[in-house]
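The following exercises invite the reader to work through a protein structure step by step. Each task is followed by a worked solution.

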Amino acid sequence: MNTRKIIESIHQLIQTTREGEKGYKEASENVQSEDLKTILYRLSQQRALFRGELEEILHKDYRDAAEVQDSVAAKAHRAWIDLRSELSRNDEAILAECERGEQHAIEEYTKVLDGRFPEYIEEIIQQQLKLIRGSLSQIQEFKYESA
């Protein structure tokens with residue numbers, strides 16, 4: 001993978017992690033269950049750590065600034081979480097949106113993993129993807145336990 005493509009792919013993942021960080025933070029502020037608040041806030045912090053790892057790669061290895069703006073889709077997704085939570089005050093609805101967000105993150109990570117990153121970057125991205133998949137499973141378990 002050429003340097004430009006690597007930088008673009010990392011920027012894409014930084015945007016995905018930033019969206020997850022903000023989305024989980026907002027979701028944690030809107031759920032009723034204290035256990036769920038804790039889980040969602042922890043996931044927000046996890047995404048901040050992921051973003052930091054990716055930004056460090058850009059800064060150190062590619063001398064690139066990680067200036068990434070929220071996408072329109074991310075803003076719409078968070079607005080939808082806000083609207084659903086205001087209308088229903090329903091943890092299940094918020095969990096469904098979190099589940100959808102995790103599925104989106106998995107798709108974004110999977111898109112960029114094509115074996116052409118330097119090995120150490122590939123390992124970081126694979127590890128983050130593994131943790132995102134684990135988060136999706138945790139959200140799904142919580143969703144079905146609370147149903």
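**Exercise 1.** Is Asp114 buried, partly exposed or exposed?

*Solution.* The model under study is a predicted one. Step one is to take the relative accessibility of Asp114, which is 33%. Step two is to compare this value with the cut-offs: buried means under 20%, exposed means over 50%, and partly exposed lies in between. Asp114 therefore counts as partly exposed. Step three is to identify a partner: the side chain of Asp114 meets that of Arg116 in a salt bridge, with an N to O distance of 2.8 Å.

**Exercise 2.** State how many salt bridges the structure holds, and examine the one between Arg4 and Glu8.

*Solution.* The total is 11 salt bridges. In one of them, the side chains of Arg4 and Glu8 come together at 3.2 Å, N to O. A salt bridge requires a distance within 4 Å, so a separation of this kind qualifies. Next, consider the positions along the chain: both residues belong to helix H1 (residues 3-30), and because they are 4 residues apart, about one helical turn separates them. Finally, consider accessibility. Arg4 is exposed, at a relative accessible area of 62%, while Glu8 is partly exposed, at 40%.

**Exercise 3.** Which residue forms a salt bridge with Glu21, and in which helix does that partner lie?

*Solution.* The partner is Arg51, and the closest N and O atoms are 2.9 Å apart. Glu21 lies in helix H1, whereas Arg51 lies in helix H2 (residues 34-62); with their positions 30 residues apart, the pair links distant parts of the chain. The accessibility step follows: Glu21 has a relative accessibility of 18% and counts as buried. Arg51 also counts as buried, at 18%. The last step widens the view, for salt bridges with shared partners join Arg18, Glu21, Arg51 and Glu55 into one network.

**Exercise 4.** Determine how H1 and H2 are oriented relative to each other.

*Solution.* The two helices pack at an angle of about 160°, and their axes are 8 Å apart. Angles over 145 degrees count as roughly antiparallel, and H1 and H2 are therefore roughly antiparallel. Their crossing is left-handed. The contact of H1 with H2 comprises 16 nonpolar, 6 polar and 8 charged residues.

**Exercise 5.** At what angle do the axes of H2 and helix H4 cross, and which residues of the two helices meet?

*Solution.* Helix H4 spans residues 91-112, and its axis comes within 12 Å of that of H2, crossing at roughly 20°. That makes the two helices roughly parallel, since the limit for this class is an angle under 35 degrees. The crossing of H2 and H4 is left-handed. On the H2 side, the contact involves Leu36, Leu40, Arg47, Phe50 and Leu54; on the H4 side, it involves Asp91, Leu95, Cys98, Glu102 and Tyr109. Sorted by class, these give 7 nonpolar, no polar and 3 charged residues.

**Exercise 6.** Describe the packing of H2 with helix H5.

*Solution.* Helix H5 covers residues 119-146, and the axes of H2 and H5 come within 12 Å, crossing at roughly 170°. H2 and H5 are therefore roughly antiparallel. Their contact contains 15 nonpolar, 4 polar and 5 charged residues.

How values were computed:
Residues are numbered from 1 along each chain as its sequence is written. This is a predicted model: local features need pLDDT of at least 70, side-chain atom pairs count only at pLDDT 80 or more; totals for chains, interfaces and linings use all residues. Side-chain values use heavy atoms; hydrogens and water are left out. Buried means under 20% relative accessible area, exposed over 50%, partly exposed in between (1.4 Å probe, protein chains only). Axes are lines fitted to C-alpha atoms, for helices over the stretch in contact, and angles run from 0 to 180 degrees between N-to-C directions. Angles under 35 degrees count as roughly parallel, over 145 as roughly antiparallel, 65 to 115 as roughly perpendicular and the rest as oblique. A crossing is left-handed if the near helix is turned anticlockwise from the far one by less than a right angle, and right-handed if clockwise. Contact means heavy atoms within 4.5 Å. Ala, Val, Leu, Ile, Met, Phe, Trp, Tyr, Cys and Pro count as nonpolar, Asp, Glu, Lys and Arg as charged, and the others, Gly among them, as polar.
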